[in-house]
Amino acid sequence: MQTNKPFLSARQLARCAMIAAVYTVLCLSFAPLAFGPVQLRFAEALVLLPVFGPEYILAGTLGCFLSNLLGSTLPDVVFGTLATLLACVVTYKLRNVRFKGLAIVPSLPPVLFNAVIIGIEIAVMFPDPSSSAPLWLACITNGISVGIGELISCTVLGVLLVKIVETNTSLRKVFLEA
């Protein structure tokens with residue numbers, strides 16, 4: 001008799017819920033920095049966790065969804081969550097690519113997806129009424145602004161988080177045990 005193994009164990013599901021909750025708390029606690037055209041979401045460091053397993057795709061996406069649902073606008077719930085989902089999937093696919101032992105390459109999808117998707121979202125959905133810049137320039141400007149925040153959150157803090165987890169036996173158990 002064949003039994004169907006669940007996609008996520010109870011432990012993995014609990015870990016996903018905790019990561020999503022931490023993401024949400026970080027965003028809402030630092031709301032003035034986490035939302036708007038200039039974004040510095042410390043919680044985005046957590047979207048590098050898919051380097052440790054596919055269940056973290058769910059954790060990061062759910063955390064982003066809840067944060068945007070509770071602290072932002074409907075377009076951000078849709079487009080921000082989409083950007084995070086795509087970023088987490090590609091981060092997972094790049095999980096084994098390292099530069100000098102660091103997860104720098106897997107940190108780039110969140111930067112790129114958010115810069116492009118959120119940059120366009122802000123320019124189109126929330127145009128600056130005091131600006132006479134063309135839409136394409138607003139998209140680029142907003143994308144650069146969001147991208148800089150993502151570089152800090154993902155490529156600095158996220159890579160550091162991954163390195164700490166990888167080098168600490170106790171944390172490896174917490175993040176990698178099934």
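**Reading an all-helix model**

Me: Which pattern does the protein chain follow along the sequence?
Reply: Happy to start there! In this predicted model, the protein chain reads α-α-α-α-α-α-α along its sequence. That comes to 7 helices and 0 strands.

Me: How do I read the radius of gyration, and what does the globule rule give for 178 residues?
Reply: The idea is to set the computed value beside the one from the rule. Here the radius of gyration is 17 Å and the rule gives 16 Å, which is close, so the chain is as compact as a globular protein of that length. Along its principal axes, the C-alpha trace spans about 65 × 40 × 30 Å. Buried residues account for 42% of the 178.

Me: Which helix has the lowest mean pLDDT, and which the highest?
Reply: pLDDT is the predictor's confidence in each residue. Helix α2 (residues 31-34) has the lowest mean among the elements, at 85, while helix α4 (residues 74-93) has the highest, at 97. The chain as a whole averages 93, and 96% of its residues score at least 70.

Me: How many cavities of 30 Å³ or more are there, and what lines the largest cavity?
Reply: A good way in is to go from the space to the residues around it. The search finds 1 cavity of that size, and the largest holds about 70 Å³. Its lining includes Tyr23, Arg41, Cys64, Asp76, Asn114 and Glu150.

Me: Which helix gives the most to that lining, and how do its residues divide?
Reply: α4 gives the most, with 3 residues; α3 (55-71), α4 and α5 (104-125) each supply at least two. By type, the lining has 3 nonpolar, 5 polar and 4 charged residues.

How values were computed. Residues numbered from 1 in each chain as written. Predicted model: local features only at pLDDT ≥ 70, side-chain atom pairs only at ≥ 80, totals over all residues. Heavy atoms only, no water. pLDDT = per-residue confidence, 0-100. Helix = DSSP H or I, 4+ residues; strand = E, 2+ residues; numbered from the N terminus. 1 Å grid on protein atoms, 1.4 Å probe; cavity = no way out; pocket = protein on both sides within 12 Å on 5 of 7 lines; lining within 4 Å. Points joined across faces, edges and corners; volume = space filled by probe spheres on them. Nonpolar A, V, L, I, M, F, W, Y, C, P; charged D, E, K, R; others polar. Rg over C-alpha atoms; globule rule 2.2 N^0.38 Å. Buried < 20%, exposed > 50% of the residue type's maximum accessible area, 1.4 Å probe, protein only.
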